[in-house]
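User: Can you walk me through this one? I'd like to start with how helices pack, so remind me of the handedness convention once the model is up.

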Amino acid sequence: MSVTLAIDAMGGDHGIVVTVPACCDFLEKHADVKIVLVGNSEALEQALSQFPKALMERIQIISASEVVLMDDPIEVALRRKKDSSMRVAIEQVKEGLADAIISSGNTGALMAISRYILKTLDGVDRPAIATAIPNEKGRGTTMLDLGANADCEPMHLVQFAQMANVMVQVVDGTQNPSIGLLNIGEEVIKGNEVVKQTSELLRQTNLNFYGNVEGNDIFKGTTDIVVCDGFVGNVVLKASEGLAKMMSGLIKQEFNHSWLTKLMAICAMVPLLRVRKRVDHRRYNGAVLLGLRGCVIKSHGSADRFAFGFALERAYEAAKNRMVERIAQAFAAETKQS
């Protein structure tokens, strides 16, 4: 089975400079992949001229005259930019011409346009954004929602858990993943009413529900999946990124303090590089927009060539293993039982 990936080639902070080289790298590693690049056709052809001609047999260029900017309001992206590279790429999935779409562009616009064009799956009230966060065990803790839904009802959080349960099995290969509900304590008596009701509902499902987890459990890897509303999830994500950036800066400052500390840095270089590799956020790039009638992957806006490759990999695994169809089947089975 071949997999066709549609790329919003113009999206993100870097656009073609990153997307085209990353796609060519990916094609060289996966012989069963075809790429549809959407954007300024002249610029794309020029960028592709630097790569082996053999790859061009598996690349299609589709022209789009507009680009959704990172600061474009959702209304502008959705209503006025109808020939944007993001929208045209999503339409490839809608029309069955591509198995997944990947974009580094404006997250709010990507969610809004995807939801408008693709629609949500039967039984899914709200799509959610899920991604993996590095943990002590060397594998990512999948967390959702990361900002699509600031306010949620208990049933929404249960649906997030159900969708993530399928996604982690399909994309990460983890069978029967454990699920934690993010709370201010592990005890069932703690938390607000939404969390308490969600916990009760999750205990009634067939999911592998671990119970309540705290913020530090995300990085311990206590559970494979952590569920929360989009408000909390986005705060956790941004706080984690800020902390990691601060710690990295402090370490560099201290090692550059004197000739002696610079010498110590050389001695510590090997373990430092190992730690950096383990927590390198680029290796976890590629958030999945769950609950839509199509596979949509959001790459980080500042992703470089290396990081964008990981977003392509997640899209490839999700499409190849029919993630969307399996989520739809899971919800259909749930509806039939209820």
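Analyst: Sure. A helix crossing is called left-handed if the near helix is turned anticlockwise from the far one by less than a right angle, and right-handed if clockwise. Keep in mind that this is a predicted model.

User: OK, so which hand is the crossing of H4 and H5?

Analyst: That crossing is right-handed. Helix H4 (residues 85-94) packs against helix H5 (residues 107-118) at an angle of about 35°, and their axes are 10 Å apart.

User: Which residues in H4 and H5 meet?

Analyst: On the H4 side you have Met86, Arg87, Ile90, Glu91, Val93 and Lys94. They meet Ala109, Leu110, Ile113, Ser114, Tyr116, Ile117 and Leu118 of H5. By class, the residues of this contact come out as 9 nonpolar, 1 polar and 3 charged.

User: How many residues of H4 are buried?

Analyst: 8 of its 10 residues are buried, so H4 is largely enclosed by the rest of the structure. The buried set is Ser85, Met86, Arg87, Val88, Ala89, Ile90, Gln92 and Val93. After H4 comes Gly96, with a positive phi near 80°.

User: Switching to strands. What does S2 pair with at the N-terminal end, and in which sense?

Analyst: Strand S1 (residues 3-8) pairs with S2 in the parallel sense, over 6 bridges. Within that pairing, Ile7 sits opposite Leu37 of S2. To get from S1 to S2 the chain passes through helix H1 (residues 16-29), and that β-α-β crossover is right-handed.

User: And how many bridges join S2 to S3?

Analyst: There are 5 bridges between S2 and strand S3 (residues 59-63), and the two run parallel. Leu37 turns up again here, with Ile61 as its bridge partner in S3. The route from S2 to S3 goes through helix H2 (residues 41-48), in another β-α-β crossover that is right-handed.

User: Is S2 mostly covered or mostly open?

Analyst: Mostly covered: S2 spans residues 33-39, and 6 of those 7 residues are buried.

User: What about S7, how many of its residues are buried?

Analyst: In S7 (residues 178-182), 5 of the 5 residues are buried. Ser178, Gly180 and Leu182 point one way from the strand, while Ile179 and Leu181 point the other way.

User: Which strands does S7 pair with?

Analyst: One is strand S8 (residues 208-213), which runs parallel to S7 with 5 bridges joining them. There, Ile179 has Phe209 as its bridge partner. S7, helix H7 (residues 193-203) and S8 together form a right-handed β-α-β unit. S7 also pairs in the parallel sense with strand S9 (residues 225-227), over 3 bridges, and Gly180 stands opposite Val226 there.

User: Now backbone oddities. Which peptide bond is cis?

Analyst: The bond from Leu144 to Asp145 is cis, with omega near 0°. Asp145 lies in the loop between strand S6 (140-144) and helix H6 (154-172). For context, most peptide bonds are trans, and most residues other than glycine have a negative phi.

User: Where do Lys119 and Arg322 sit, then?

Analyst: Lys119 is in the loop between H5 and strand S5 (128-134), and its phi is positive, near 70°. Arg322 is in the loop between helix H12 (305-320) and helix H13 (323-337), with a positive phi of about 55°.

User: How accessible is each of them, Lys119 and Arg322?

Analyst: Lys119 has a relative accessible area of 42%, so it is partly exposed. Arg322 is partly exposed too, with a relative accessible area of 38%.

How values were computed
Residues numbered from 1 in each chain as written. Predicted model: local features only at pLDDT ≥ 70, side-chain atom pairs only at ≥ 80, totals over all residues. Heavy atoms only, no water. Buried < 20%, exposed > 50% of the residue type's maximum accessible area, 1.4 Å probe, protein only. Helix = DSSP H or I, 4+ residues; strand = E, 2+ residues; numbered from the N terminus. Pairing = 2+ DSSP bridges. Right-handed = clockwise from strand over helix to strand, strands pointing away. Axes fitted to C-alpha atoms, helices over the stretch in contact; angles between N-to-C directions. Contact = heavy atoms within 4.5 Å. Nonpolar A, V, L, I, M, F, W, Y, C, P; charged D, E, K, R; others polar.
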